[in-house]
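Thanks for making time this morning. I would like to take you through one model, going from charged pairs to the core and then to the pocket.

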Amino acid sequence: MSDPIYLVQGDTAPQIKATLTRSDTGTAENLTGSTIKMHFRKAMTTTLLFSITGTHTGVDATKGEVVFNFTAGQLNVDPAHYEGEIEVVFSSGTRETVYEILNFVLREDFA
């Protein structure tokens with residue numbers, strides 16, 4: 001499991017940067033031309049809350065880098081523990097899901 005990523009309820013601008021590497025070689029995965037999604041759900045449940053399509057803006061896809069931007073309304077959920085799963089669909093149409101689950105802790109906003 002990964003270290004927790006901390007978020008605040010109702011925020012509209014958090015970004016998560018991930019670098020995807022091959023577990024067998026440790027080399028960065030070339031994500032050029034791929035579609036990468038992060039699926040988000042409450043921990044210990046099976047109900048998908050939303051998916052975010054990753055972007056390569058400001059990062060290098062050839063080095064396995066992708067950014068996920070949360071948008072308005074996505075974090076309007078109860079404070080709790082959440083999970084994220086990253087899925088890559090390569091330009092060839094093949095699909096690979098990252099085995100490691102991202103862990104999120106969402107706290108209530110003060111205001």
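Let me begin with a question: does Glu87 count as buried or exposed? Before I answer, please keep in mind that this is a predicted model, and that everything I say today is computed from it. Glu87 has a relative accessibility of 16%, and because the cut-off for buried is under 20%, this glutamate counts as buried. Its salt-bridge partner is Arg95, with the closest N and O atoms 3.0 Å apart, and Arg95, at 57% relative accessibility, counts as exposed. Salt bridges with shared partners also join Arg22, Asp24, Glu29 and Glu96 into one network.

Within that network, Glu29 and Arg22 form a salt bridge whose closest N and O atoms are 3.0 Å apart. Glu29 counts as buried at 17% relative accessibility, whereas Arg22, at 30%, counts as partly exposed.

The search of the whole structure finds six salt bridges, and another one that I want to show you is the pair Glu65 and Lys17, where the closest N and O atoms are 3.8 Å apart. Glu65 belongs to strand β5 and Lys17 to strand β2, so this pair ties together parts that are 48 residues apart in sequence. Here again the glutamate is buried, Glu65 having a relative accessible area of 16%, while Lys17 counts as exposed at 52% relative accessibility.

That brings me to the strands themselves. β2 and β5 run antiparallel and are joined by five bridges, and among the partners, Ile16 is matched with Phe68 in β5. In a regular strand, side chains alternate between the two faces of the sheet. In β2, the covered face carries Ile16 and Ala18, and the uncovered face carries Gln15, Lys17 and Thr19.

Now to the interior. The largest nonpolar core has 24 residues, and those that touch the most other members are Leu31, Met38, Phe40, Phe68, Phe70, Ile86 and Phe104. At least two residues of this core come from each of β2, β3, β4, β5, β6 and β8, and β6 gives the most, with four. If you would like one residue to follow on the screen, I suggest Met38, which, leaving aside residues up to four places away in sequence, touches Phe50, Ser51, Ile52, Phe68, Phe70, Gly84, Glu85, Ile86, Leu102 and Phe104.

Staying with β6, which spans residues 80-89, I would point you to Glu83 in that strand. Glu83 is buried, with a relative accessible area of 10%, and its contacts beyond four places in sequence include His39, Phe40, Arg41, Ile101 and Phe104. Glu83 and Ile5 are 78 residues apart in sequence, yet their C-alpha atoms are 9.8 Å apart in space.

Finally, the pocket. The largest one has a volume of about 410 Å³, and which residues lie nearest its centre? Of the 16 residues that line this pocket, they are Leu20, Thr21, Val98, Tyr99 and Glu100. The elements that give two or more residues to this lining are β2, β6 and β7, and with β2 and β6 we return to strands that also each supply at least two residues of the largest nonpolar core.

Technical notes: Residues numbered from 1 in each chain as written. Predicted model: local features only at pLDDT ≥ 70, side-chain atom pairs only at ≥ 80, totals over all residues. Heavy atoms only, no water. Buried < 20%, exposed > 50% of the residue type's maximum accessible area, 1.4 Å probe, protein only. Contact = heavy atoms within 4.5 Å. Core = buried A, V, L, I, M, F, W, Y, C linked by side-chain atoms within 4.5 Å. Pairing = 2+ DSSP bridges. Salt bridge = Lys/Arg side-chain N within 4 Å of Asp/Glu carboxyl O. 1 Å grid on protein atoms, 1.4 Å probe; cavity = no way out; pocket = protein on both sides within 12 Å on 5 of 7 lines; lining within 4 Å.
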